Amino acid sequence: MRVLFLSRWFPYPPDNGSRIRIYNLLRGLAAQHEVTLLSFADGTVDEAHMAAVRQMCVHVETAPYRPFVPSRPRALVALLSPLPRSVRDTESAEMRRLVAAAIRQQAFDVVIASQIDMASYARGLPVPVKILEELELTYRYEQVANEPNLVRRARRALTWWKLVAYVRRLLADFHGVTAVSLRERDTIARLAPPGYPLAVVPNGVDVALYRADFGPPVPDALIYNGALTYGPNFDAVDFFAREILPLIRAERPAVRLLVTGAYTGVRVDRLPRGAGLELAGYLPDIRPAVARSWACVVPLRQGGGSRLKILEALAAGTPVISTSKGAEGLDLVAERDFLLADTPADFAAATLRVLRDPVLREMLSRNGRRVVAARYDWQPIVQRLNAFIERMVTRAGDSRRVGSRLAHRG
């Protein structure tokens with residue numbers, strides 16, 4: 001099949017959660033189909049990075065991405081629009097031109113809009129099957145439900161109302177939607193017509209990449225592998241540094257938390273930068289840092305989807321201590337595959353268990369590797385996406401044949 005893939009993120013290098021997902025889905029789809037990629041890019045794309053993507057895709061074009069700025073005049077005017085402000089403010093004439101040119105040049109069987117940012121560019125296209133890939137709504141809903149300030153809650157409720165109305169219009173134009181977890185799927189299902197085609201296509205990890213020997217784990221070394229540019233990650237690190245790390249260091253003063261990932265433009269001065277917290281910044285290869293940590297902590301309290309950071313740690317054999325929110329959407333068993341804790345005291349106690357007990361660490365390491373290899377390797381995940389695509393194509397073909405027969409009878 002000929003597939004047109006629309007992406008908010010240029011997928012190479014695969015160095016954040018979105019890029020990792022898009023890169024691996026593209027790689028798997030391109031092994032079976034002719035894939036054209038039209039992608040936004042944050043700045044100029046390095047020629048080597050472009051070459052890496054062109055090895056997978058038959059055609060690749062990019063457009064510059066303009067991030068959402070709430071104070072920009074177009075964003076302020078969009079307060080009066082029925083569309084979400086971010087959709088109106090980030091609208092790209094260049095991306096629309098690229099999409100129109102691609103459609104003129106050849107006929108596609110499927111268009112995949114990756115994430116809600118790309119949905120508007122797929123609407124109305126004369127393509128038999130349109131799929132919205134990785135629709136995420138839970139985080140936005142929780143922002144409303146968990147906001148204690150009445151004024152901010154009212155503003156967020158308006159944003160949520162606009163988003164719901166927009167998503168319902170999208171569902172009418174797309175033939176199917178994928179989500180990364182059962183919870184995300186159920187949130188979407190509440191907005192969709194009965195029987196609407198929804199599929200869970202979870203996040204994954206390239207298990208083979210984590211089989212290398214990166215050296216022995218370092219005692220008292222903890223890691224949080226998530227960029228602080230994402231709000232829920234910042235909240236998780238702030239929560240851990242303020243309320244959990246002091247409890248741990250009271251018993252093991254040498255314990256340190258390494259936070260990896262970009263933090264450009266983030267007010268890191270708001271974090272409690274006392275003893276025990278280190279910011280590594282962007283790492284071109286995160287595997288050694290994860291593999292050599294004694295444990296990975298995931299004290300998330302916000303957000304949706306499923307956590308690549310947990311899958312990366314488990315694939316590296318690094319035990320995970322997580323909140324319920326952090327492990328949400330993952331098919332893992334607490335006390336077998338990871339440790340679960342939600343309060344600061346319980347989280348500190350669970351972390352200390354792993355730090356003190358090499359036997360427990362080895363058991364969690366072994367089980368974590370096994371469950372990730374069995375359930376979260378990218379190859380079967382891509383097969384799941386491909387099966388959903390083929391089902392939508394078959395369904396569209398059946399609909400066209402029925403329509404043709406009815407027209408003939410008429």
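**Exercise 1. A glycine and its surroundings**

Leaving aside neighbours within four places in sequence, which residues is Gly176 in contact with?

*Solution.* Keep in mind as you work that this is a predicted model.

- Step 1: Place the residue. Gly176 belongs to strand S6, which covers residues 176-179.
- Step 2: Look for its partners. With neighbours within four places in sequence set aside, Gly176 is in contact with Lys130, Ile131, Leu132, Tyr196, Pro197, Phe388 and Met392.
- Step 3: Check accessibility. The relative accessible area of Gly176 is 0%, and buried means under 20%, so Gly176 is buried.
- Step 4: Try a distance. From C-alpha to C-alpha, Gly176 and Glu133 lie 8.5 Å apart, with their positions 43 residues apart in sequence.

**Exercise 2. Strand S4 and its partners**

Find out how many residues of S4 are buried, and which strands pair with S4.

*Solution.* Take burial first, then pairing.

- Step 1: Strand S4 spans residues 110-114, and five of its five residues are buried.
- Step 2: Sort these residues by face. Val110, Ile112 and Ser114 are on one side, Val111 and Ala113 on the other, and both faces are covered.
- Step 3: Turn to strand S1, residues 2-7. S1 runs parallel to S4 and is joined to S4 by five bridges. Within this pairing, Leu6 has Ala113 of S4 as its bridge partner.
- Step 4: Turn to strand S5, residues 129-133. S5 also pairs with S4 in the parallel sense, over five bridges. Here Ile112 has Ile131 of S5 as its bridge partner.

**Exercise 3. Just before S4**

Decide whether Asp109 is buried, partly exposed or exposed, and list what it touches.

*Solution.*

- Step 1: Asp109 lies in the loop between helix H5 (93-105) and S4.
- Step 2: Its relative accessibility is 31%, so Asp109 counts as partly exposed.
- Step 3: Not counting residues up to four places away in sequence, Asp109 touches Met1, Arg2, Val127, Pro128 and Val129.
- Step 4: For a distance, use Ala30. Asp109 and Ala30 are 79 residues apart in sequence, and their C-alpha atoms are 14 Å apart in space.

**Exercise 4. The six-stranded sheet**

Work out the strand order of the open sheet of six strands, and say which strands stand at the edges.

*Solution.*

- Step 1: Read off the order, which is S10-S9-S8-S11-S12-S13, with parallel pairing.
- Step 2: Find the edges. Strand S10 (277-281) and strand S13 (339-340) each have a single partner strand, so one side of each has no neighbour in the sheet.
- Step 3: Zoom in on one pair. Strand S8 (residues 218-225) and strand S9 (residues 256-260) are parallel and share five bridges. In that pair, Tyr224 stands opposite Val259 in S9.

**Exercise 5. Rings and charges**

Count the aromatic pairs, then classify the Phe40 and Tyr121 pair and the Phe240 and Phe347 pair.

*Solution.*

- Step 1: The count is six aromatic pairs.
- Step 2: For Phe40 and Tyr121, the ring centres are 5.8 Å apart and the planes stand at 70°, so this pair is edge-to-face. Phe40 is in strand S2 (residues 34-41) and Tyr121 in helix H6 (residues 119-122), so to speak distant parts of the chain, 81 residues apart. Both Phe40 and Tyr121 are buried.
- Step 3: For Phe240 and Phe347, the centres are 5.9 Å apart and the planes at 80°, so the pair is edge-to-face. Phe240 sits in helix H10 (residues 231-251) and Phe347 in helix H14 (residues 344-356), 107 residues apart. Phe240 counts as buried at 1% relative accessibility, and Phe347 at 0%.
- Step 4: Look for a cluster. Ring pairs link Phe40, Tyr65 and Tyr121 into one.
- Step 5: Add the charges. The charged end of Arg8 sits over the ring of Trp9, 4.1 Å from its centre, and that of Arg301 over the ring of Phe239, 4.3 Å from its centre.

**Exercise 6. Cysteines and confidence**

How many disulfides does the structure hold, and where does pLDDT stay under 50?

*Solution.*

- Step 1: The structure holds zero disulfides. Two buried cysteines to look at are Cys57, at 5% relative accessibility, and Cys296, at 0%.
- Step 2: The chain has an average pLDDT of 91, and 94% of the residues score at least 70.
- Step 3: Over residues 402-409, pLDDT stays under 50, and the model has zero contacts for them beyond four places in sequence. Predicted coordinates should not be read in detail where pLDDT is low.

Technical notes
Residues are numbered from 1 along each chain as its sequence is written. This is a predicted model: local features need pLDDT of at least 70, side-chain atom pairs count only at pLDDT 80 or more; totals for chains, interfaces and linings use all residues. Side-chain values use heavy atoms; hydrogens and water are left out. A disulfide is a pair of cysteine sulfur atoms within 2.5 Å. Buried means under 20% relative accessible area, exposed over 50%, partly exposed in between (1.4 Å probe, protein chains only). Helices (H or I, at least four residues) and strands (E, at least two) are DSSP runs, numbered from the N terminus. Two strands pair if DSSP finds at least two bridges between them. pLDDT is the predictor's confidence in each residue, from 0 to 100. Contact means heavy atoms within 4.5 Å. Rings of Phe, Tyr and Trp (its six-membered ring) pair if their centres lie within 6.5 Å; planes under 30 degrees apart count as stacked, over 60 as edge-to-face and the rest as tilted. A charge sits over a ring if NZ of Lys or CZ of Arg is within 6 Å of the ring centre and within 35 degrees of the ring normal.
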